[in-house]
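Visitor: Please take me closely through a single part of this model, the metal site, and explain how its pieces fit together.

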Amino acid sequence: AKANGRNSCAVFDEVMREEAMRILDLEADLRRAINSDDFVAYYQPIVRLSDRRVIGHEALLRWRHERRGLLAPGEFIGLGEDSGLIEEVDWLMYAQVAKRLAREDFGYISVNVSPRHFLSPDFADRLLRLLDEAGANPHRLRIEITEGALLDDTARALRMLRTLRSNGVLVQLDDFGTGFSALSYLHRFPLECLKIDRSFVAGLVGDTRPESMAVVRAIQALAGSLGIHTIAEGVESEAQRIILRELGCQHGQGYLFGHPTEQLLPMASLR
Ligand code: C2E
Ligand code: CA
Ligand code: CA
Ligand code: CA
């Protein structure tokens, strides 16, 4: 039994060592990828639910990994945030988006930012400079933040939102309903819209339908009282589109309308 215990210990050590090596490898890969800009922005259309007219796109990060192919953020964003490298990746993304905005007229493009990065002191200045240098109109860029970015340091978040907004960059609140919403704070922040988290949209069909409808209704009421609109995330079926419309949600995004691709779609109705 003793020998056995030692063996399983050795196996365990080996597994731990491999896991550590894998993370180190990926971090080294990520640094290299930043140097050679191996990232590409994919764009997913955001549409008006009533007639499926495209109003804008969300830029979603993809990593063209030399050996592992195209990686979605889920595979490396945790590492990127822990190592702080995600900020550099974000700037590479924003540069690509600014170029597309300067070149093509396809509505607005929203970009994601992690809470800590959003609150770094020079975020707004650097972003506005980047847009200016690329010749992109700030009114066509939007930022998506999660509630964490507002609650960590509300005074700083408020200053950041005001600076961005007064320069034309609107901010929308991502994954709404999943965080620890401090509803009493929300009216203080100049937000353009709430993005209804896709878990509630998924719940609109099936057993959880009554609960999810109640949540979406509550979010709609809240948005109404704040005088802002909503975007439903993860709309995958016509049934969901119809319920969301009935609940008063104006805009949507999801596989029903289009997967993320490298193309931007013109501002016309999808068939
Ligand atoms: P998110 O901001 O909530 O983005 C929406 C995610 O839902 C995307 O995953 C998108 O591909 C996926 N999605 C869209 N429609 C549907 C649908 O109908 N059904 C389902 N099941 N999923 C759908 P993705 O591209 O893997 O991105 C994951 C997360 O990574 C994003 O979540 C965002 O938090 C983060 N992220 C993406 N791009 C960036 C970036 O440039 N910078 C930073 N810091 N984070 C990013
Ligand atoms: Ca987002
Ligand atoms: Ca989201
Ligand atoms: Ca999310």
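Guide: A donor here is an N, O or S atom within 3.2 Å of a calcium ion, and because water is not among the atoms, a site may look incomplete. The model is a predicted one, and the contacts described below should be read with that in mind. The calcium ion (ligand 2) has as its protein donors Glu-58 (OE), Asn-112 (OD1), Glu-144 (OE) and Asp-174 (OD), which lie 2.1 to 2.4 Å from the ion. Along the chain, these donor residues follow the spacing E-x53-N-x31-E-x29-D. Glu-144 belongs to strand E5 (residues 141–145) and Asp-174 to strand E6, so this pair ties together parts that are 30 residues apart in sequence. Glu-144 and Asp-174 are both buried, a term that stands for under 20% relative accessible area.

Asp-174 also links two of the ions, since this residue bridges the calcium ion (ligand 2) and the calcium ion (ligand 3), with 3.9 Å between the two. Turning to another ion, the calcium ion (ligand 4) lies 5.9 Å from the calcium ion (ligand 2). For the calcium ion (ligand 4), the protein donors are listed as Asp-175 (OD) and Asp-175 (OD), at 2.7 to 3.0 Å from the ion. Asp-175 sits in strand E6, which covers residues 170–176, and Asp-174, the bridging residue, is in strand E6 as well. Strand E6 therefore holds both Asp-174 and Asp-175, with Asp-174 serving as a donor to the calcium ion (ligand 2) and Asp-175 to the calcium ion (ligand 4).

Notes
Residues are numbered from 1 along each chain as its sequence is written. Chains are lettered from A and ligands numbered from 1 in the order in which they are written. This is a predicted model: local features need pLDDT of at least 70, side-chain atom pairs count only at pLDDT 80 or more; totals for chains, interfaces and linings use all residues. Side-chain values use heavy atoms; hydrogens and water are left out. Donors are N, O and S atoms within 2.8 Å of the metal (3.2 Å for Na, K and Ca); water is not among the atoms, so sites may look incomplete. Helices (H or I, at least four residues) and strands (E, at least two) are DSSP runs, numbered from the N terminus. Buried means under 20% relative accessible area, exposed over 50%, partly exposed in between (1.4 Å probe, protein chains only).
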